[in-house]
Amino acid sequence: MTLTVTRSRRAAHSAPSARWRSRKVQGWLYAAPTAVIVGVLFIAPLVLVVWMSLNRWPLLGPATFNAPANYVKIADNPLFVDAVLFTLKYTAITTVLLSGVALGLALLVQERRPGIAFFRTAFFLPGAVGFAAAGLLFYGMLNNDFGPIDPMLQSLGITSEPIKWIGTPNMALFSTITLVLWRFAGFNMLILLTGLQAIPTEVYEAARSDGANRWQIFTRITLPLLRPTLALMLILSVTGSLLAFDQFFVFTNGGPDNSTVSMVMVVYRDAFFRFDLGGAAALSVVLLVALVGLNTLMMRRLR
Amino acid sequence: MRRRLAGISLLSVLALTAAACGGGDGNDGGTQAADGPVTITMWTRAATQTQSERLVAEYNKTHKNQVKLTVIPTDNYQPRIAAAAGAKQLPDVFAADVIFVPNYTSQGLFMDITDRIAALPYKDKLAPSHMKLGTLDNRQYTLPHTLDLSVWFWNKDLYEKAGLDPEQGPESLKEFAEQATTVQEKLGKDGKIHGTFFGGNCGGCYVFTFWPSVWAAGAQVMNAEGTVSLNDQPPMTAVFDIWRKLYENKVTGPTAKEEQGPTWTGFFPKGEIGVMPMPSTTLGLMPEDMRIGVTPIAGPDGGESTFVGGDSLGISATSQNADAAWEFISWTVSDQAQVEVMAKNKDVLARTDLAGNKYSAEDPRVVLINSLVAKGQTPFALRFGQTYNDPQGPWLRLAREAVFGDASKVPQLNTEITKSLQQ
């Protein structure tokens with residue numbers, strides 16, 4: 001302690017600014033690799049997308065500045081307005097169901113028992129399947145022409161004719177949510193499981209010796225102590241659902257009759273079908289701002 | 001300046017990615033490689049993959065320069081081209097659905113090859129509709145690659161079993177509907193066989209199979225500039241009505257309403273469909289022992305027409321191997337390639353002067369299809385893809401309301417199509 005004090009005092013006397021400056025340079029050097037990566041991979045694309053949104057940006061050839069035309073025309077894009085409403089609805093349903101199912105699964109496999117590893121793995125396994133692959137898998141299984149699910153249901157006498165899994169708006173949404181639950185419930189279970197296991201067993205023992213029943217233990221101990229983990233899961237689920245793309249793109253193709261078009265699908269359409277890169281960038285920026293706002297709010301409320 | 005900055009940051013991202021991937025040999029030829037054999041890259045869509053593969057295989061076998069072909073799923077083709085163009089990473093040569101070509105040329109994706117085409121001895125014999133769509137402001141950008149015409153196919157075995165004359169295909173859309181209904185009534189009891197089929201949730205399928213009936217009746221679906229939609233007028237509405245009745249009477253397969261496109265041609269070769277409109281390129285893919293009749297698509301009361309679809313081939317504007325690319329694409333329309341690769345496999349030729357060749361003479365159906373090239377149409381519109389092919393575009397909504405839903409919405413939806421065409 002004394003040593004440091006004397007040393008710094010001496011340093012302060014001899015060459016204060018030079019030493020300070022060299023430490024500052026050193027700090028910058030340490031941070032430089034990360035700064036470069038952040039700059040190139042995160043900041044630059046963001047700046048680029050904002051800049052694109054202020055221009056008419058053709059596939060090849062020079063861009064022309066046209067701000068704020070790309071933003072103004074968002075209002076007369078009925079597909080996007082519908083997509084916003086649909087995505088919000090999808091997010092609400094998915095998040096509620098996903099939280100419920102994931103929590104249920106986590107509670108099921110919470111305690112160490114013989115063979116529990118098998119169930120944990122089995123529940124998590126769909127999480128290892130890529131979304132596009134999962135979409136195709138469900139498309140294949142539920143397809144009315146060649147899917148095995150319809151014949152199975154019919155031979156068991158549950159249904160009398162093929163169910164239009166993606167043929168009507170409501171069924172398409174239902175089928176997609178089933179796909180998402182299958183794909184993500186295990187993953188979210190894993191998140192909740194780590195939260196559950198972080199709760200000290202002493203708390204449970206104390207509660208039990210005080211005579212609390214299972215329900216009381218769940219509502220008074222498990223849920224409150226799980227709150228930070230639940231918050232994390234909620235944020236992931238809401239953000240992921242608002243950015244939903246693959247499931248609809250691969251599985252329902254936005255149909256039938258544009259009933260399952262998500263916001264990102266509109267961005268994709270504007271960029272790659274209509275070649276309106278500037279317009280697509282503007283939509284992305286709007287989406288980004290909304291997401292940042294929403295996440296900030298959620299972080300504050302749920303912390 | 002700002003654009004350059006944006007470019008630099010994008011470049012550094014690309015450089016970083018390339019470095020992360022370990023790079024390649026880093027030299028994709030370029031003009032300096034003209035001495036040695038050059039390998040050029042080519043993209044094509046899955047719909048016309050067979051023809052492209054045959055041409056590339058034959059070319060690679062007989063030439064020093066080589067072509068590396070990449071096949072991309074048809075639905076993803078347009079987005080892939082857009083993404084590649086944005087990143088200036090287009091292949092040297094790419095095929096495009098002919099109806100998208102005007103948009104691509106107007107976006108500057110293809111290299112101007114007017115002078116090179118002018119030097120071809122058979123320049124005036126190249127498929128006219130493909131050449132028309134590949135021309136912008138009197139400059140030419142593409143060569144015809146494959147021709148895919150829509151025609152009615154009928155299954156002679158099913159016709160015989162249903163008590164119809166197997167040698168007599170339908171001569172009007174009304175007759176088509178009657179014959180399909182007969183097949184359905186006589187053979188459709190067990191739910192395996194159906195009178196007809198169509199891609200009811202696929203915009204491209206509708207234009208390919210329904211529009212020829214309108215043209216056959218002497219009408220149009222758009223103005224010549226491709227900026228005003230006429231899809232709310234007769235005979236289009238009459239055509240919709242006939243198909244609507246076929247669906248309502250369950251003459252079409254039950255999944256027609258949901259069919260998104262990829263599998264719509266899959267039922268006929270299995271012997272499950274009596275009569276339906278199909279792409280002519282599927283003729284070469286039919287089972288050998290299947291007895292199939294082919295006839296032009298007709299209007300409600302007769303006439304004949306076809307949608308001259310298929311692909312055009314051009315050199316991308318960013319290609320560094322223009323000479324090698326031209327050597328390949330000009331070879332694909334040569335006598336050798338056209339007759340020994342395309343005609344030999346029952347494909348429609350990209351050149352009208354070779355239509356009567358030694359192979360086509362063997363199959364009257366091929367002669368018929370070849371003869372339709374002159375009668376058919378290829379619609380022109382700069383905004384074709386986003387209007388008619390895109391599942392979120394306005395055309396699919398109109399067609400589905402007209403066939404399955406509320407037909408009274410057609411006029412209002414037609415204005416949406418016009419709006420999209422003018423964007």
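**Reasoning through the labels**

Trainee: Why does Leu41(A) count as partly exposed?

Mentor: Its relative accessibility is 40%. Buried means under 20% and exposed means over 50%, with partly exposed in between, so Leu41(A) at 40% gets the middle label. Bear in mind that this is a predicted model.

Trainee: Where does Leu41(A) lie?

Mentor: Leu41(A) sits in helix 2 of chain A, which covers residues 16–53.

Trainee: What makes the nonpolar surface patch there?

Mentor: Leu41(A) joins Ile37(A), Val38(A), Phe42(A), Ile43(A) and Val47(A) in a patch of about 530 Å². A patch residue needs over 30% relative accessible area, so Leu41(A) clears that bar at 40%.

Trainee: Over in chain B, why is Arg45(B) called buried?

Mentor: Its relative accessible area is 9%. The cut-off for buried is under 20%, so Arg45(B) earns the word.

Trainee: Which residues is Arg45(B) in contact with, leaving aside neighbours within four places in sequence?

Mentor: Arg45(B), which belongs to strand 1 (residues 39–45) of chain B, touches Val71(B), Ile72(B), Thr74(B), Tyr77(B), Asp97(B), Gly310(B) and Asp311(B). Contact here means heavy atoms within 4.5 Å.

Trainee: How do you know that strands 9 and 10 of chain B are joined?

Mentor: Count the bridges. Pairing takes at least two, and two link strand 9 (residues 297–299) to strand 10 (residues 302–305), so they pair. The two strands run antiparallel, and Gly299(B) stands opposite Gly302(B).

Trainee: How many residues lie between the strands of that hairpin?

Mentor: Two residues separate strand 9 from strand 10 in the chain B hairpin.

Trainee: Back to chain A: what makes helix 12 mostly covered?

Mentor: Nine of its ten residues, in the run 263–272, are buried, so each of those nine falls under 20% relative accessible area. Among them are Met263(A), Tyr268(A), Arg269(A) and Asp270(A).

Trainee: Which spans of chain A does UniProt list as "transmembrane region"?

Mentor: The unreviewed UniProt entry gives six ranges by residue: 28–52, 90–109, 121–142, 162–182, 230–251 and 271–294. In the model, residues 162–182 are 67% helix and 0% strand, with end C-alpha atoms 22 Å apart. For residues 230–251 the figures are 86% helix, 0% strand and 29 Å.

Trainee: And what does the record call residues 84–298 of chain A?

Mentor: That unreviewed UniProt entry lists them under "domain: ABC transmembrane type-1". The span is 74% helix and 0% strand in this model, and its end C-alpha atoms lie 19 Å apart.

Technical notes. Residues are numbered from 1 along each chain as its sequence is written. Chains are lettered from A and ligands numbered from 1 in the order in which they are written. This is a predicted model: local features need pLDDT of at least 70, side-chain atom pairs count only at pLDDT 80 or more; totals for chains, interfaces and linings use all residues. Side-chain values use heavy atoms; hydrogens and water are left out. Helices (H or I, at least four residues) and strands (E, at least two) are DSSP runs, numbered from the N terminus. Patches are made of residues with over 30% relative accessible area and no salt bridge: like charges are joined within 9 Å, nonpolar side chains (Val, Leu, Ile, Met, Phe, Trp, Tyr) within 5 Å. Accessible areas come from the Shrake-Rupley method with a 1.4 Å probe; for residues, only the protein chains shown count as cover. A salt bridge is a side-chain nitrogen of Lys or Arg within 4 Å of a carboxyl oxygen of Asp or Glu. Buried means under 20% relative accessible area, exposed over 50%, partly exposed in between (1.4 Å probe, protein chains only). UniProt positions are given in the numbering used here, feature names are shortened, and annotations may be inferred rather than shown by experiment.
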